[in-house]
Amino acid sequence: MIQESFAFGDSPFHKMDPRLKVAAATVFSFQIALSQDFYALSAALVFSAILVAAARLGFSPVAKRLLLVNGFVFLFWLILPVTFPGKALFSWGPVDFTMSGVLLSARITLKSNAIVLILIALTGTSTMADLGWALHRLKVPDKLVYLLLLTYRYIFVIEQEYQRLVRAARMRCFEPATNLHTYKTYAYLVGMLFVRAASRAERVYQAMVCRGFNGKFHSPRQFLFSRSDKVWSFTLGAVFILLGYLEWMKTILS
(Lines give C-alpha, C1' and ligand atoms only; values in the text may rest on other atoms or scores of the structure.)
Protein backbone atom coordinates (compact mmCIF):
# COMPACT_ATOMS: atom_id res chain seq x y z
CA MET A 1 0.00 0.00 0.00
CA ILE A 2 1.25 3.50 -0.82
CA GLN A 3 2.13 5.24 2.42
CA GLU A 4 1.52 8.98 2.78
CA SER A 5 4.68 9.21 4.86
CA PHE A 6 5.17 12.96 4.34
CA ALA A 7 1.53 14.02 4.68
CA PHE A 8 1.47 14.41 8.45
CA GLY A 9 3.49 16.90 10.47
CA ASP A 10 3.51 20.36 12.00
CA SER A 11 5.71 22.26 9.57
CA PRO A 12 4.49 25.40 7.75
CA PHE A 13 3.95 23.34 4.59
CA HIS A 14 1.68 20.88 6.36
CA LYS A 15 -0.50 23.81 7.44
CA MET A 16 -0.44 25.57 4.08
CA ASP A 17 -3.57 25.73 1.94
CA PRO A 18 -3.37 22.77 -0.49
CA ARG A 19 -4.57 24.97 -3.35
CA LEU A 20 -1.46 27.12 -2.99
CA LYS A 21 0.77 24.06 -2.81
CA VAL A 22 -0.71 22.43 -5.92
CA ALA A 23 -0.57 25.68 -7.91
CA ALA A 24 3.00 26.46 -6.82
CA ALA A 25 4.22 22.92 -7.50
CA THR A 26 2.70 23.00 -10.98
CA VAL A 27 4.14 26.41 -11.86
CA PHE A 28 7.63 25.64 -10.56
CA SER A 29 7.69 22.22 -12.24
CA PHE A 30 6.94 23.75 -15.64
CA GLN A 31 9.40 26.58 -15.08
CA ILE A 32 12.22 24.22 -14.10
CA ALA A 33 11.44 21.81 -16.94
CA LEU A 34 11.67 24.64 -19.48
CA SER A 35 14.82 26.25 -18.03
CA GLN A 36 18.17 25.75 -19.74
CA ASP A 37 20.50 28.02 -17.77
CA PHE A 38 22.70 26.23 -15.22
CA TYR A 39 22.56 29.15 -12.80
CA ALA A 40 18.75 29.05 -12.81
CA LEU A 41 18.68 25.25 -12.48
CA SER A 42 21.22 25.31 -9.64
CA ALA A 43 19.24 27.99 -7.85
CA ALA A 44 16.07 25.93 -8.32
CA LEU A 45 17.76 22.87 -6.82
CA VAL A 46 18.97 24.87 -3.81
CA PHE A 47 15.53 26.41 -3.37
CA SER A 48 13.80 23.02 -3.53
CA ALA A 49 16.25 21.62 -0.95
CA ILE A 50 15.43 24.57 1.34
CA LEU A 51 11.72 23.81 0.95
CA VAL A 52 12.29 20.17 1.95
CA ALA A 53 14.28 21.32 4.99
CA ALA A 54 11.52 23.77 5.94
CA ALA A 55 8.96 20.96 5.64
CA ARG A 56 10.94 19.04 8.32
CA LEU A 57 10.95 15.80 6.41
CA GLY A 58 13.29 13.00 7.36
CA PHE A 59 16.55 12.78 5.44
CA SER A 60 16.41 9.03 4.89
CA PRO A 61 12.94 8.86 3.23
CA VAL A 62 13.77 11.79 0.94
CA ALA A 63 17.17 10.30 0.07
CA LYS A 64 15.56 6.99 -0.86
CA ARG A 65 13.26 8.70 -3.33
CA LEU A 66 16.11 10.72 -4.80
CA LEU A 67 18.18 7.55 -5.12
CA LEU A 68 15.38 5.92 -7.08
CA VAL A 69 15.10 8.92 -9.43
CA ASN A 70 18.85 9.25 -9.91
CA GLY A 71 19.15 5.55 -10.63
CA PHE A 72 17.03 6.21 -13.70
CA VAL A 73 18.88 9.45 -14.51
CA PHE A 74 22.17 7.55 -14.40
CA LEU A 75 21.08 5.77 -17.58
CA PHE A 76 21.12 9.14 -19.36
CA TRP A 77 24.72 9.64 -18.28
CA LEU A 78 25.56 6.30 -19.86
CA ILE A 79 23.73 6.95 -23.13
CA LEU A 80 23.61 10.67 -23.97
CA PRO A 81 27.34 11.55 -23.86
CA VAL A 82 28.11 8.87 -26.46
CA THR A 83 25.04 9.30 -28.67
CA PHE A 84 24.34 13.05 -28.63
CA PRO A 85 26.08 14.86 -31.51
CA GLY A 86 28.62 17.55 -30.75
CA LYS A 87 32.27 18.34 -30.12
CA ALA A 88 34.16 15.44 -28.56
CA LEU A 89 35.17 16.06 -24.95
CA PHE A 90 37.41 12.98 -24.84
CA SER A 91 37.58 9.58 -26.48
CA TRP A 92 37.71 6.10 -25.07
CA GLY A 93 38.73 3.80 -27.85
CA PRO A 94 36.26 4.16 -30.70
CA VAL A 95 33.72 5.94 -28.46
CA ASP A 96 33.57 9.75 -28.31
CA PHE A 97 32.07 11.52 -25.29
CA THR A 98 30.59 14.81 -26.44
CA MET A 99 30.39 18.02 -24.43
CA SER A 100 26.79 18.63 -25.52
CA GLY A 101 25.78 15.17 -24.30
CA VAL A 102 27.40 15.78 -20.91
CA LEU A 103 25.71 19.19 -20.57
CA LEU A 104 22.34 17.70 -21.50
CA SER A 105 22.78 14.94 -18.91
CA ALA A 106 23.70 17.55 -16.28
CA ARG A 107 20.60 19.59 -17.09
CA ILE A 108 18.38 16.52 -16.82
CA THR A 109 19.96 15.68 -13.45
CA LEU A 110 19.40 19.16 -12.04
CA LYS A 111 15.86 19.36 -13.37
CA SER A 112 14.85 15.92 -12.12
CA ASN A 113 16.16 16.43 -8.60
CA ALA A 114 14.75 19.94 -8.29
CA ILE A 115 11.28 18.93 -9.49
CA VAL A 116 11.16 15.84 -7.28
CA LEU A 117 12.19 17.81 -4.20
CA ILE A 118 9.61 20.52 -4.89
CA LEU A 119 6.86 17.95 -5.35
CA ILE A 120 7.87 16.23 -2.11
CA ALA A 121 7.91 19.51 -0.17
CA LEU A 122 4.66 20.87 -1.58
CA THR A 123 2.32 18.10 -2.72
CA GLY A 124 3.88 15.37 -0.58
CA THR A 125 2.92 17.21 2.61
CA SER A 126 -0.79 16.85 1.86
CA THR A 127 -3.01 13.79 1.90
CA MET A 128 -4.49 12.53 -1.35
CA ALA A 129 -7.95 13.62 -0.15
CA ASP A 130 -6.71 17.18 0.41
CA LEU A 131 -5.02 17.22 -3.00
CA GLY A 132 -8.25 16.07 -4.61
CA TRP A 133 -10.13 18.87 -2.86
CA ALA A 134 -7.51 21.38 -3.99
CA LEU A 135 -7.73 20.20 -7.60
CA HIS A 136 -11.51 20.54 -7.44
CA ARG A 137 -11.26 24.10 -6.11
CA LEU A 138 -8.72 24.93 -8.83
CA LYS A 139 -11.39 24.03 -11.42
CA VAL A 140 -9.83 20.78 -12.59
CA PRO A 141 -12.64 18.74 -14.24
CA ASP A 142 -14.57 16.74 -11.64
CA LYS A 143 -14.25 13.49 -13.57
CA LEU A 144 -10.46 13.70 -13.50
CA VAL A 145 -10.47 14.46 -9.77
CA TYR A 146 -12.82 11.57 -8.97
CA LEU A 147 -10.84 9.26 -11.20
CA LEU A 148 -7.67 10.16 -9.28
CA LEU A 149 -9.29 9.66 -5.87
CA LEU A 150 -11.02 6.39 -6.75
CA THR A 151 -7.90 5.02 -8.43
CA TYR A 152 -5.84 5.83 -5.36
CA ARG A 153 -8.42 4.25 -3.08
CA TYR A 154 -9.01 1.02 -5.01
CA ILE A 155 -5.63 0.30 -6.58
CA PHE A 156 -4.78 -1.46 -3.32
CA VAL A 157 -7.97 -3.53 -3.48
CA ILE A 158 -7.08 -4.67 -7.00
CA GLU A 159 -3.58 -5.54 -5.81
CA GLN A 160 -5.07 -7.68 -3.03
CA GLU A 161 -7.28 -9.45 -5.56
CA TYR A 162 -4.22 -10.16 -7.67
CA GLN A 163 -2.35 -11.61 -4.70
CA ARG A 164 -5.30 -13.90 -3.91
CA LEU A 165 -5.36 -15.18 -7.47
CA VAL A 166 -1.60 -15.82 -7.38
CA ARG A 167 -1.89 -17.69 -4.09
CA ALA A 168 -4.73 -19.79 -5.49
CA ALA A 169 -2.56 -20.71 -8.48
CA ARG A 170 0.36 -21.66 -6.26
CA MET A 171 -1.86 -23.85 -4.07
CA ARG A 172 -2.65 -25.75 -7.26
CA CYS A 173 1.09 -26.37 -7.76
CA PHE A 174 1.51 -23.77 -10.49
CA GLU A 175 5.16 -23.06 -11.24
CA PRO A 176 5.95 -20.24 -13.76
CA ALA A 177 8.05 -21.28 -16.71
CA THR A 178 8.63 -20.31 -20.32
CA ASN A 179 5.96 -22.54 -21.83
CA LEU A 180 2.47 -22.25 -23.26
CA HIS A 181 0.82 -23.40 -20.02
CA THR A 182 2.38 -20.51 -18.08
CA TYR A 183 1.34 -17.94 -20.69
CA LYS A 184 -2.23 -19.25 -20.70
CA THR A 185 -2.34 -19.25 -16.89
CA TYR A 186 -1.24 -15.63 -16.66
CA ALA A 187 -3.71 -14.67 -19.39
CA TYR A 188 -6.53 -16.30 -17.40
CA LEU A 189 -5.25 -14.57 -14.25
CA VAL A 190 -5.32 -11.13 -15.87
CA GLY A 191 -8.73 -11.79 -17.38
CA MET A 192 -10.14 -12.89 -14.02
CA LEU A 193 -8.61 -9.82 -12.40
CA PHE A 194 -10.53 -7.58 -14.83
CA VAL A 195 -13.73 -9.52 -14.18
CA ARG A 196 -13.37 -9.17 -10.40
CA ALA A 197 -12.44 -5.49 -10.69
CA ALA A 198 -15.53 -4.79 -12.79
CA SER A 199 -17.73 -6.71 -10.34
CA ARG A 200 -16.30 -4.86 -7.37
CA ALA A 201 -16.70 -1.51 -9.15
CA GLU A 202 -20.40 -2.25 -9.63
CA ARG A 203 -20.81 -3.16 -5.96
CA VAL A 204 -18.93 -0.03 -4.86
CA TYR A 205 -21.13 2.17 -7.05
CA GLN A 206 -24.30 0.59 -5.65
CA ALA A 207 -23.02 1.10 -2.11
CA MET A 208 -22.27 4.75 -2.85
CA VAL A 209 -25.73 5.30 -4.32
CA CYS A 210 -27.31 3.69 -1.24
CA ARG A 211 -25.41 6.20 0.90
CA GLY A 212 -26.76 9.15 -1.06
CA PHE A 213 -23.87 9.78 -3.44
CA ASN A 214 -24.91 12.44 -5.95
CA GLY A 215 -21.75 12.78 -7.99
CA LYS A 216 -19.92 15.05 -5.55
CA PHE A 217 -17.22 14.35 -3.00
CA HIS A 218 -17.11 16.57 0.07
CA SER A 219 -14.03 17.19 2.18
CA PRO A 220 -14.52 17.04 5.96
CA ARG A 221 -11.78 19.67 6.32
CA GLN A 222 -12.23 23.32 5.48
CA PHE A 223 -9.23 25.33 4.29
CA LEU A 224 -8.96 29.09 4.51
CA PHE A 225 -6.32 31.26 2.86
CA SER A 226 -4.57 32.51 6.00
CA ARG A 227 -2.07 35.32 6.52
CA SER A 228 0.83 32.87 6.45
CA ASP A 229 -0.45 31.55 3.11
CA LYS A 230 -0.32 35.08 1.73
CA VAL A 231 3.27 35.46 2.96
CA TRP A 232 4.22 32.18 1.32
CA SER A 233 2.48 33.28 -1.87
CA PHE A 234 4.64 36.40 -2.08
CA THR A 235 7.77 34.40 -1.19
CA LEU A 236 7.14 31.74 -3.83
CA GLY A 237 6.22 34.42 -6.34
CA ALA A 238 9.50 36.25 -5.67
CA VAL A 239 11.48 33.04 -6.19
CA PHE A 240 9.58 32.38 -9.41
CA ILE A 241 10.50 35.84 -10.68
CA LEU A 242 14.13 35.37 -9.63
CA LEU A 243 14.44 32.07 -11.51
CA GLY A 244 12.81 33.65 -14.53
CA TYR A 245 15.23 36.57 -14.33
CA LEU A 246 18.24 34.24 -14.28
CA GLU A 247 16.92 32.44 -17.34
CA TRP A 248 16.18 35.75 -19.07
CA MET A 249 19.71 37.03 -18.37
CA LYS A 250 21.13 33.95 -20.08
CA THR A 251 19.00 34.69 -23.14
CA ILE A 252 20.11 38.32 -23.22
CA LEU A 253 23.81 37.56 -22.81
CA SER A 254 23.75 34.87 -25.45
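A polar contact is a pair of N or O atoms within 3.5 Å; within protein, one of the two must be able to donate a hydrogen and the other to accept it. By that yardstick, the side chains of His-14 and Ser-11 are joined by a polar contact of 2.5 Å. The model here is a predicted one, and the description below starts from this histidine.

His-14 sits in helix α1, which runs over residues 12-15. With a relative accessibility of 13%, under the 20% cut-off, His-14 counts as buried. Besides the contact with Ser-11, a polar atom of the His-14 side chain lies 2.8 Å from the backbone oxygen of Phe-6. Leaving aside residues up to four places away in sequence, the residues touched by His-14 are Phe-6, Ala-7, Phe-8, Gly-9, Lys-21, Ala-55, Leu-57 and Thr-125.

Another buried side of the story is Phe-223, found in the loop between α8 (180-210) and α9 (227-253). Its relative accessibility is 13%, so Phe-223 counts as buried. Some 207 residues separate Phe-223 from Met-16 along the chain, yet their C-alpha atoms are 8.8 Å apart. Once residues up to four places away in sequence are set aside, Phe-223 touches Asp-17, Pro-18 and Arg-19, along with Asp-130 and Trp-133.

Next comes helix α4, with 25 residues spanning 59-83. From first C-alpha to last, α4 reaches 35 Å, close to the 36 Å expected at 1.5 Å a residue. There is a bend in α4 all the same, of about 25° at Gly-71. Val-62, Leu-66, Val-73, Leu-80 and Pro-81 are the buried residues of this helix. An α-helix has 3.6 residues a turn, so residues three or four places apart point the same way. Cover for the buried residues of α4 comes from elements including α3 (38-54), β2 (95-98) and α5 (99-122).

Strand β2 also has a partner: β1 (residues 88-92) pairs with β2 in the antiparallel sense, over four bridges. Within that pairing, Ser-91 stands opposite Asp-96 of β2. The two strands make a hairpin with two residues between them, and Gly-93 in the turn has a positive phi of about 70°.

Positive phi also turns up at residues other than glycine. Arg-56, in the loop between α3 and α4, has a phi near 55°. Lys-139 is not a glycine either, but has a positive phi of about 70°; this lysine belongs to the loop between α6 (128-137) and α7 (142-171). Are these two residues buried or exposed? Arg-56 counts as exposed because its relative accessibility is 54%, and Lys-139 is exposed too, with a relative accessible area of 72%.

That leaves the cysteines and the matter of cross-links. A disulfide is a covalent bond between the sulfur atoms of two cysteines. How many disulfides does a search of the whole structure find? The count is zero. Cys-173 counts as exposed, given a relative accessibility of 67%, and Cys-210 likewise counts as exposed, at 70%.

Definitions and conventions: Residues are numbered from 1 along each chain as its sequence is written. This is a predicted model: local features need pLDDT of at least 70, side-chain atom pairs count only at pLDDT 80 or more; totals for chains, interfaces and linings use all residues. Side-chain values use heavy atoms; hydrogens and water are left out. Buried means under 20% relative accessible area, exposed over 50%, partly exposed in between (1.4 Å probe, protein chains only). Contact means heavy atoms within 4.5 Å. The expected span of a helix is 1.5 Å times one less than its number of residues. The bend at a residue is the angle between axes fitted to the seven residues ending there and the seven starting there. Two strands pair if DSSP finds at least two bridges between them. A disulfide is a pair of cysteine sulfur atoms within 2.5 Å.
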